[in-house]
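Open the model in your viewer and keep the selection box handy. We will go from stop to stop, with a note on what to pick and what is there.

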Amino acid sequence: HSIKMAGFRDDQKCTFPLQSIQDVVKLFRIELERGDEPNLALLSIVVGSVENLLTCNRYLSPRNETESEQNVKPNFPILELSTVEALYCKFESQIKGCVDVTQYRGNSYASRELVKKTSDIIWSSLTRSYCKDRAHLQTLYSYLTGEKNFGNKLDCFGVAFAVVAACQILGYSDVHLALSEDHAWVIFGKDGEETAEVTWHGKGNEDKRGQPVCGPTAQKSWLYLNGHPVKCNRHTEVAALVSGINPSISATADSKELATLQQKLLWLLYDQGDLKNYPMAIGNLGDLEEINPTPGRSSPIDLFHQAIFAAQTHYANHHVYPYTYLGGFFYRNGQYKDALEAWANAADVIRKYNYGREDEEIYKEFLEIANDLIPHLVKVVSNQAIEAPEKAESNCLHDPQCFAHLLRFYDGLCAWEEESSTPVLHIGWARPLVATISKFPAKTRSHVDIKISEEKEEKVDDEKNGSVNRRHSHGRRDSLQKNDVKNEEDIVKTKVNGSTNVSDKKAGK
Ligand SMILES: CC1(C)CN=C(N2CCN(c3ncnc4sc(CCF)cc34)CC2)S1
């Protein structure tokens, strides 16, 4: 691993100074189309600089100074090569200065010690305490700018990305990013068989940096996707960097320029085939296309279905977000039956997991769908039924399939809870459920064909012949105690019309 100092190639330099969205897209195109690897640190510094200029300090063109605040139109900043080069050299010398690769000489693959050492360098140089879930903390620009105690900030994803960018600078092309739907870690070694935690997750959880991702926690928890994370190559790492662009200026305003840059970069990656195994990036593109459609490009619905197809093809349909991207789109556009179906399909994914203490993000996602979005949906359609009785036939509340989707949604949540260490549902879920079910007339409910099949359900129980006694979070116990069941035969599998899943977990897979 030769220790050569920085120096960008001429084809990288020629795009500077960057003064438009097109200039940044051109730099990314050069980096992505080269035979060699795209330079993660360079691209992260560029994206972070542009994001900072467009969202943190409002960039005003002279003529706007006098105009009133609300119609400020920020122009695109001018990003000089010298600025980027200085930050890159700072990162490179920090990394090369701290890691003595001579002691790892000869191993063509990274070792756990090297990965841990690299993670320690990033970790120990972070500002002591700062708000970890603030925006704009995901790039090396945030890490490298500002003096101690004012700079050196990274969020959870940003630390993992920085470790991979550092290992690239040290010459380890085997160290890659692994992404779940709410966490990031690294893979390395021959065929990427080794895994290592390099960052923290959530609040109040002890970090497990240096440890491999394995064992019971990683097996059944959504946080680790049960062995189906997105295993990145350099191009997918660029896609993760682009997906992480955050156009928000404030809680209510976004930078249009930055959103456009993110959208164009995602289409560039899409056209190169770099999003094919990255469902969330395709979903992000779908969200951007809903806000600002690109003429001649796929519709948001097509993109969300491509994300679902990617998850089904590459990840054994173990990802939840592709369905919640689609469900959210249908909900926002008043296509309520399709929204219920998408959310039922999301629940068919989560049923494969056991709920654990680090799965809060997806718990909140399902809580919002069940206790906020579906009750609102049902209120809207029941008002429609009153205001337009002539359209009752097409109304969701008179459609047994809608009721079937609703039952499948809740059945998935119940199955998620079964055999989990932590309860999912509690009385706070019951009130909205009762309100929702009671809006469906008995006639609709009676048409749902619930098949009782005599299939014996393979229950994989830790305790012999009796499942774990669980208390609800409020200490209330189930009316029917699981261990009241006399024996296995009494547990029958009910099939709700239109659903067919014998979940992997139950089938003992
Ligand atoms: C349907 C939704 C609620 C809308 N946005 C969603 N996301 C926004 C973008 N997200 C992401 N987008 C691209 N890549 C990644 S990697 C990752 C785990 C931390 F590293 C998260 C994430 C997370 C999920 S899910």
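## A tour by selection

This is a predicted model. Start by selecting S221: its relative accessibility is 11%, so this serine counts as buried, the cut-off being under 20%. S221 sits in the loop between α8 (215-220) and β4 (230-231). Now show its surroundings: leaving out residues up to four places away in sequence, S221 touches N226, Y353, N354 and D359.

One of those contacts of S221, N354, makes a good second selection. You will find N354 in the loop between α14 (336-350) and α15 (360-387). Is N354 buried or exposed? N354 is buried, at a relative accessible area of 16%. For a sense of distance, add S124 and draw a line from C-alpha to C-alpha: N354 and S124 are 34 Å apart in space and 230 residues apart in sequence.

Next, go inside. The structure holds four cavities of 30 Å³ or more, and the largest cavity has about 60 Å³ of space. To see its walls, select H183, E197, T199, W200, H201, N205, E206, D207, K208, Y224 and E358. Colour that lining by class and you get five charged, four polar and two nonpolar residues.

Now pick helix α4, residues 81-98. Its 18 residues reach 26 Å from the first C-alpha to the last, close to the 26 Å expected at 1.5 Å a residue. Within α4, highlight the buried residues: L81, V84, L87, Y88, F91, E92, I95 and K96. Look down the axis: these residues lie on the same side of α4, because they cover an arc of only 155° around the axis. What do the buried residues of α4 pack against? Show α1 (10-13), α3 (40-56), α5 (112-124), α6 (140-144) and α7 (156-169), and you have their packing partners.

The last stops are about backbone geometry. Select F16 and P17, which are joined by a cis peptide bond with omega at about -10°. P17 is placed in the loop between α1 and α2 (21-33).

Then jump to H136, in the loop between α5 and α6. Its phi is near 65°, a positive value in a residue other than glycine. With 18% relative accessibility, H136 counts as buried.

Finish at N317, in the loop between α12 (300-314) and α13 (321-332). N317 is not a glycine, yet its phi is positive, about 55°.

Conventions: Residues are numbered from 1 along each chain as its sequence is written. This is a predicted model: local features need pLDDT of at least 70, side-chain atom pairs count only at pLDDT 80 or more; totals for chains, interfaces and linings use all residues. Side-chain values use heavy atoms; hydrogens and water are left out. On a 1 Å grid over the protein atoms alone, a cavity is a set of points where a 1.4 Å probe fits but cannot get out, and a pocket is an open set with protein on both sides within 12 Å along at least five of seven lines; lining residues have an atom within 4 Å of a point. Grid points are joined across faces, edges and corners, and a volume is the space filled by probe spheres set on the points. Ala, Val, Leu, Ile, Met, Phe, Trp, Tyr, Cys and Pro count as nonpolar, Asp, Glu, Lys and Arg as charged, and the others, Gly among them, as polar. Helices (H or I, at least four residues) and strands (E, at least two) are DSSP runs, numbered from the N terminus. Buried means under 20% relative accessible area, exposed over 50%, partly exposed in between (1.4 Å probe, protein chains only). Contact means heavy atoms within 4.5 Å. The expected span of a helix is 1.5 Å times one less than its number of residues. The arc is that of the directions from the helix axis to the C-beta atoms.
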